[in-house]
Amino acid sequence: RICFIDYDRQMAFVADRISPETGDHDIIGVGRLVKDHSGEEGEIAITISDNFQRRGLGIAFVRKLINFARDENLKRVEGTMLFENRGMQGVFRKLGFRMRDAYDQDGVEAELDLS
């Protein structure tokens with residue numbers, strides 16, 4: 001499910017680099033958008049390696065995913081993050097998302113109206 005994407009319902013973008021030690025490609029971040037069953041809304045999820053956080057990858061992924069969602073004619077996207085993740089909360093706020101406490105009280109939900 002993670003490696004083989006259903007392109008009608010989801011998309012994944014990756015950031016990679018060539019390791020100076022091995023010459024191999026290393027994935028340093030992944031951004032995903034999964035549409036709901038109605039096809040009108042989507043959920044954004046981003047993971048970035050600890051060593052590459054706070055370098056602009058988070059905002060680049062969110063922008064890329066928002067543009068993809070617009071191209072797919074979605075009306076709304078949302079994401080959930082831990083309450084402690086102030087960096088990503090700032091990214092979502094900067095890009096116009098509305099923030100609210102998550103139902104489980106341990107997280108924050110971000111929502112952006114695209115219509």
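Author: A polar contact is a pair of N or O atoms within 3.5 Å, where, within protein, one atom must be able to donate a hydrogen and the other to accept it. The model discussed here is predicted.

Reader: With which side chains does the side chain of Glu111 make a polar contact?

Author: Glu111 is found in strand β6, which covers residues 107–113. At 13% relative accessibility it is below the 20% limit, so Glu111 counts as buried. One polar contact, at 3.2 Å, joins its side chain to that of Arg76. The other side chain, at 2.8 Å, is that of Arg100.

Reader: Which residues does Glu111 touch, not counting residues up to four places away in sequence?

Author: Residues up to four places away in sequence are not counted here. With those set aside, Glu111 touches Arg76, Val77, Glu78, Gly96, Phe97, Arg98 and Arg100.

Reader: What is the order of the strands in the open sheet?

Author: The sheet is open, has six strands and shows mixed pairing. Its edge strands, each pairing on one side only, are β1 and β5 (98–101). From one strand to the next the twist averages 25°. The order is β1-β2-β3-β4-β6-β5.

Reader: What angle does the direction of helix α2 make with that of β4?

Author: Helix α2 (residues 86–94) packs on the sheet. The strands touched by α2 are β3, β4 (76–82), β5 and β6. Its direction and that of β4 make an angle of about 160°.

Reader: In the pairing of β1 and β2, which residue is the bridge partner of Val14?

Author: Strand β1 (residues 10–18) pairs with strand β2 (residues 25–35) in the antiparallel sense, over nine bridges. The two strands form a hairpin with six residues between them, and Gly23 in the turn has a positive phi of about 80°. In β2, the partner of Val14 is Val30.

Reader: Which residue in β3 stands opposite Val34?

Author: β2 pairs with strand β3 (residues 41–48) in the antiparallel sense, and the pairing runs over seven bridges. Opposite Val34 in β3 stands Glu43.

Reader: Which element supplies the largest share of the largest nonpolar core?

Author: This core has 21 residues, and those with the most contacts inside it are Leu33, Val62, Val77 and Phe97. At least two of its residues come from each of α1 (57–71), β4, α2 and β6. The largest share, six residues, comes from α1.

Reader: With which residues is Val62 in contact, leaving aside its neighbours within four places in sequence? And how many residues are in the other core?

Author: Val62 is in contact with Ile46, Met88, Val91, Phe92, Leu95 and Phe97, once the neighbours within four places are left aside. Apart from the largest core lies another, which includes Ala15, Ile28, Ile48 and Phe61. The number of residues in that other core is six.

Reader: How many residues apart in sequence are the parts tied together by the pair of Phe13 and Phe68?

Author: The structure holds two aromatic pairs. Phe13 and Phe68 form an edge-to-face pair, 6.1 Å from centre to centre and with 80° between the planes. Phe13 lies in strand β1 and Phe68 in helix α1, so the separation in sequence of the parts tied together is 55 residues.

Reader: Is the pair of Phe92 and Phe97 stacked or edge-to-face?

Author: Phe92 is buried, with a relative accessible area of 4%, and Phe97 counts as buried at 5%. The ring centres of Phe92 and Phe97 are 4.6 Å apart. The planes stand at 80°, over the limit of 60, so the pair is edge-to-face.

Reader: What distance separates the C-alpha atoms of Val108 and Gly31?

Author: Val108 has its place in strand β6 and counts as buried at 4% relative accessibility. Beyond four places in sequence, Val108 touches Gly79, Thr80, Met81, Phe83, Gln89, Met99, Arg100 and Ala102. Gly31 is 77 residues from Val108 along the chain, and their C-alpha atoms are separated by 18 Å.

Reader: Is Arg54 buried or exposed?

Author: Arg54 lies in the loop between β3 and α1. Its phi is near 65°, a positive value in a residue other than glycine. Its relative accessible area is 77%, over the 50% limit, so Arg54 is exposed.

Reader: What is the phi of Asn73?

Author: Most residues other than glycine have a negative phi. Asn73, in the loop between α1 and β4, counts as exposed at 61% relative accessibility. Although Asn73 is not a glycine, its phi is positive, at about 65°.

Definitions and conventions: Residues numbered from 1 in each chain as written. Predicted model: local features only at pLDDT ≥ 70, side-chain atom pairs only at ≥ 80, totals over all residues. Heavy atoms only, no water. Helix = DSSP H or I, 4+ residues; strand = E, 2+ residues; numbered from the N terminus. Buried < 20%, exposed > 50% of the residue type's maximum accessible area, 1.4 Å probe, protein only. Contact = heavy atoms within 4.5 Å. Pairing = 2+ DSSP bridges. Axes fitted to C-alpha atoms, helices over the stretch in contact; angles between N-to-C directions. Core = buried A, V, L, I, M, F, W, Y, C linked by side-chain atoms within 4.5 Å. Phe/Tyr/Trp six-rings, centres within 6.5 Å; stacked < 30°, edge-to-face > 60°.
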